[in-house]
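Colleague: Could you take me through one part of this model at close range? I would like to look at the place where the ligand sits.

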Amino acid sequence: MKLFKIIMTENNETDGNTVTEEKVTAKEPDLFKVILLNDDFTPMDFVVEILRNVFHHDGQTANEIMLDVHEQGAGVAGVYTFGVAETKVYIVNNQAKKYQFPLKCIMEKE
Ligand code: TYC
């Protein structure tokens, strides 16, 4: 979905008349980082599976991101438009809850 910004400008013509112009410019949508938070209990394999299945990372990248979260406390799983980010956050938190792991996922505007 593309959003558009409409800019109204007023030009003063040489004859003294004023014409109002409408300029339409494309506006890129806001982007949101989907962030995984570390905890001491969620198994590493579970986080890797989440990164593969929900964020479509390959095995090696999923493992690298998981280890980064494990070592740094938090890490970016992906960057998406609002609705996609919101859905992924919901899926991750829902899966964690289902398997009774404390894994938490949040989103943050870029
Ligand atoms: N720290 C967890 C462990 O040692 C692994 C882990 C990684 C948990 C990333 C959450 O987002 C996370 N089992």
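Modeller: Happy to; here is a walk from the whole protein to the ligand site and then to one residue beside it.

This is a predicted model, so local features need pLDDT of at least 70 and side-chain atom pairs count only at pLDDT 80 or more, while totals for chains, interfaces and linings use all residues. Residues are numbered from 1 along each chain as its sequence is written, and side-chain values use heavy atoms, with hydrogens and water left out.

The protein has three helices and five strands, in the order β-β-β-α-α-β-α-β along the sequence. Helices (H or I, at least four residues) and strands (E, at least two) are DSSP runs, numbered from the N terminus.

Now to the ligand. The space it takes is the largest pocket. A pocket here is an open set of points on a 1 Å grid over the protein atoms alone, where a 1.4 Å probe fits, with protein on both sides within 12 Å along at least five of seven lines; a molecule sits in one if more than half of its atoms lie within 2 Å of its grid points. Two or more residues of the surrounding shell come from each of β3 (32–37), α1 (44–53) and α2 (59–72), and α2 gives the most, with three residues. Among the residues around the ligand are L36, D39, M44, M66, H70 and L103, each with a heavy atom within 4 Å of it.

Three polar contacts (pairs of N or O atoms within 3.5 Å) are worth finding on your screen. A polar backbone atom of L37 is 2.8 Å from a ligand oxygen. The side chain of N38 places an N or O atom 2.7 Å from a ligand nitrogen. From T42, a backbone N or O atom lies 2.9 Å from a nitrogen of the ligand. The protein covers 90% of the 350 Å² of accessible area that the ligand has on its own, by the Shrake-Rupley method with a 1.4 Å probe.

T42 deserves a second look. This residue is found in the loop between β3 and α1. Why does T42 count as buried? Its relative accessible area is 11%, and buried means under 20% (1.4 Å probe, protein chains only). Leaving aside residues up to four places away in sequence, T42 touches V47, F101, P102 and L103, where contact means heavy atoms within 4.5 Å. The T42 side chain also reaches the backbone nitrogen of L103 at 3.1 Å.

Note on methods:
A polar contact is a pair of N or O atoms within 3.5 Å; within protein, one must be able to donate a hydrogen and the other to accept it, and residues adjacent in sequence count only if both atoms are side-chain atoms. On a 1 Å grid over the protein atoms alone, a cavity is a set of points where a 1.4 Å probe fits but cannot get out, and a pocket is an open set with protein on both sides within 12 Å along at least five of seven lines; lining residues have an atom within 4 Å of a point. Buried means under 20% relative accessible area, exposed over 50%, partly exposed in between (1.4 Å probe, protein chains only).
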